[in-house]
Amino acid sequence: MEDATRNTLLRSLPSIDELLSRPSLAPLLSSEPRPLVVEALRTAVETARARLIAGDPVGFDEADVHRALQTLKQPNLRKVLNATGVVLHTNLGRAPLSLAALARIAEVGAGYCNLELDLEEGERGSRYQPVIELLCRLTGAEDALVVNNCAASVLLAFSALAQGREAIVSRGELVEIGGGFRIPDVMRQSGARMIEVGTTNRTRLADFAEAIGPDTGLLVKVHRSNFALVGFTEEASTRELAGLAREKGIVLFEDLGSGALTALHAEGLTSEPTVATVVSAGADLVAFSGDKLLGGPQAGILVGRRGVIAALRKHPLNRALRIDKLTVAALEATLEAYRDGAEDLLPVRALLKQPRATLEARAQRLLEQLLAQQVDARLIVTTGQVGGGAMPLASLPSFACAIGGANAEALHQRLRAAQPPVVARIADGLLLLDVRCLRDDELSVVARAVAAAVPGS
Ligand SMILES: *Cc1c(COP(=O)(O)O)cnc(C)c1O
């Protein structure tokens with residue numbers, strides 16, 4: 001384009017006032033909030049200007065206004081399609097909630113509820129009451145408390161039970177959970193003095209016994225949720241530590257992390273200690289997440305002895321870390337599924353337990369839809385992970401449609417910009433669409449998004 005032509009075109013771009021009085025845009029103004037329309041008009045004019053400067057002669061285009069408006073109106077937090085194959089994906093919100101949990105949130109959130117009202121006595125009640133009984137029943141513990149997440153429950157436990165005192169922990173369990181959550185840092189933050197015992201690979205009961213002194217407040221055991229230690233290893237079991245703790249009159253705290261409430265058997269899954277096993281082995285206090293294997297809302301659940309839970313409940317941090325009514329609602333509905341023996345219907349467990357044949361058939365259907373839209377794809381067998389720092393050695397057999405050829409990173413970026421966004425996985429330069437976490441009715445949406453994103457299909 002000649003400079004003179006371009007300058008003429010740039011000068012002839014419409015003003016916002018001019019656009020606001022255009023009859024063709026009047027319907028938009030009557031149906032959409034005016035400030036958003038004005039913002040969209042500005043964006044569209046800027047888009048046109050940038051195009052002209054880049055040498056593209058297309059000037060102002062009303063389609064740009066509609067696109068800009070759509071972008072402005074769409075929520076920042078929105079649904080995405082999970083084609084990563086990772087069931088508990090922290091970046092994608094971890095556990096999808098059950099319909100029962102969602103219904104309870106809607107019911108309780110839309111109006112008022114007895115969050116802190118004892119309906120029988122008409123007096124102030126505890127917001128945790130709805131879930132305490134269920135948690136005790138499901139874990140065998142005497143009492144329970146729920147805070148914002150498991151990281152918070154660990155901080156609360158250290159603060160309430162070992163502030164200004166010693167907490168003894170194995171060198172093999174000084175872990176980083178992710179997101180910068182490191183046990184030694186949390187311990188420091190709580191004001192507890194960390195006493196490390198044993199070595200990275202081997203820690204014996206005697207190491208704990210020798211470290212116990214008059215200032216010891218806590219024995220700590222941290223579940224290695226997100227990594228495995230194999231080979232020449234040794235660790236003190238919960239039962240052994242519980243015996244020692246009882247003998248010395250010290251509290252044994254176990255950070256279980258993922259916290260399966262019942263055993264989870266499925267192809268490729270490794271076994272995970274259930275909360276009830278750890279409680280019955282004698283841990284005085286156990287912490288676990290609500291939104292990992294349990295399959296509920298984000299929460300940090302603490303179960304244990306009455307006296308220990310009472311000390312946590314009284315600590316000022318408890319008030320700062322408390323959960324809201326929506327979490328209580330969703331957690332209660334999720335726990336009811338366990339009470340009723342229907343936990344395998346919870347989305348997380350159902351996603352983990354899908355038979356190989358189901359996954360293969362779903363991948364086959366996705367493949368057919370991709371091929372029908374001229375996308376060059378092939379079916380491959382994959383191994384997925386549970387995610388969310390749970391079962392690091394699990395290798396879940398799954399199936400994916402692999403797309404090669406194009407630049408996988410660029411394709412992935414375009415897929416993330418789709419409506420709804422599709423999040424996939426890249427391995428060996430291939431874009432993998434794992435079907436484990438995709439519903440059957442989402443396959444055509446994924447196929448269309450891919451067809452639109454693959455150049456030349
Ligand atoms: C995941 C995990 C945590 C942190 O749980 P959040 O609910 O994400 O705060 C703490 N400890 C262990 C052992 C974990 O696996």
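**Close-up 1. Arg-94, Cys-150 and Ser-289 at the ligand's oxygen atoms.** In this predicted model, an N or O atom in the side chain of Arg-94 sits 2.9 Å from an oxygen atom of the ligand. That counts as a polar contact, meaning a pair of N or O atoms within 3.5 Å (inside the protein, one must be able to donate a hydrogen and the other to accept it, and residues adjacent in sequence count only if both atoms are side-chain atoms). Ser-289 also joins in through its side chain, with a polar atom 2.6 Å from a ligand oxygen. Cys-150 uses its backbone instead: a polar atom there is 3.0 Å from an oxygen of the ligand. On its own the ligand would expose 380 Å², and the protein buries 93% of that (accessible areas by the Shrake-Rupley method with a 1.4 Å probe; for residues, only the protein chains shown count as cover).

**Close-up 2. The shell around the ligand.** Here you'll find Arg-94, Asn-149, Cys-150, Ala-151, Ile-177, His-223, Ser-225, Asp-255, Gly-257, Ser-289 and Lys-292, each with a heavy atom within 4 Å of the ligand. Sorted by class, that's 3 nonpolar, 5 polar and 3 charged residues. Nonpolar covers Ala, Val, Leu, Ile, Met, Phe, Trp, Tyr, Cys and Pro, charged covers Asp, Glu, Lys and Arg, and the others, Gly among them, are polar. Helix H8 (150–162) and strand E8 (251–257) each give two or more residues to this shell; such elements are DSSP runs numbered from the N terminus (helices H or I, at least four residues; strands E, at least two).

**Close-up 3. Where domain 2 meets domain 3.** Domain 2 (81–90 + 350–453) and domain 3 (99–342), with bounds from an automatic or database assignment, have C-alpha centres 34 Å apart. Contact (heavy atoms within 4.5 Å) links 15 residues of domain 2 with 17 of domain 3. Together they bury about 1300 Å², 68% of it on carbon and sulfur atoms; this is the accessible area (1.4 Å probe) lost on putting the two parts together, summed over both. Lys-353, Met-391 and Pro-392 supply 37% of what domain 2 buries there, more than any other three residues.

**Close-up 4. Two loops with backbone quirks.** Most residues other than glycine have a negative phi, and most peptide bonds are trans. Gln-374, though not a glycine, has a positive phi of about 65°; look for Gln-374 in the loop between helix H17 (356–372) and strand E11 (377–384). The Gln-419 to Pro-420 peptide bond is cis, with omega near -5°, and Pro-420 lies in the loop between helix H18 (408–416) and strand E13 (422–423).

**Notes.** Residues are numbered from 1 along each chain as its sequence is written, and side-chain values use heavy atoms, leaving out hydrogens and water. Local features need pLDDT of at least 70 and side-chain atom pairs count only at pLDDT 80 or more, while totals for chains, interfaces and linings use all residues.
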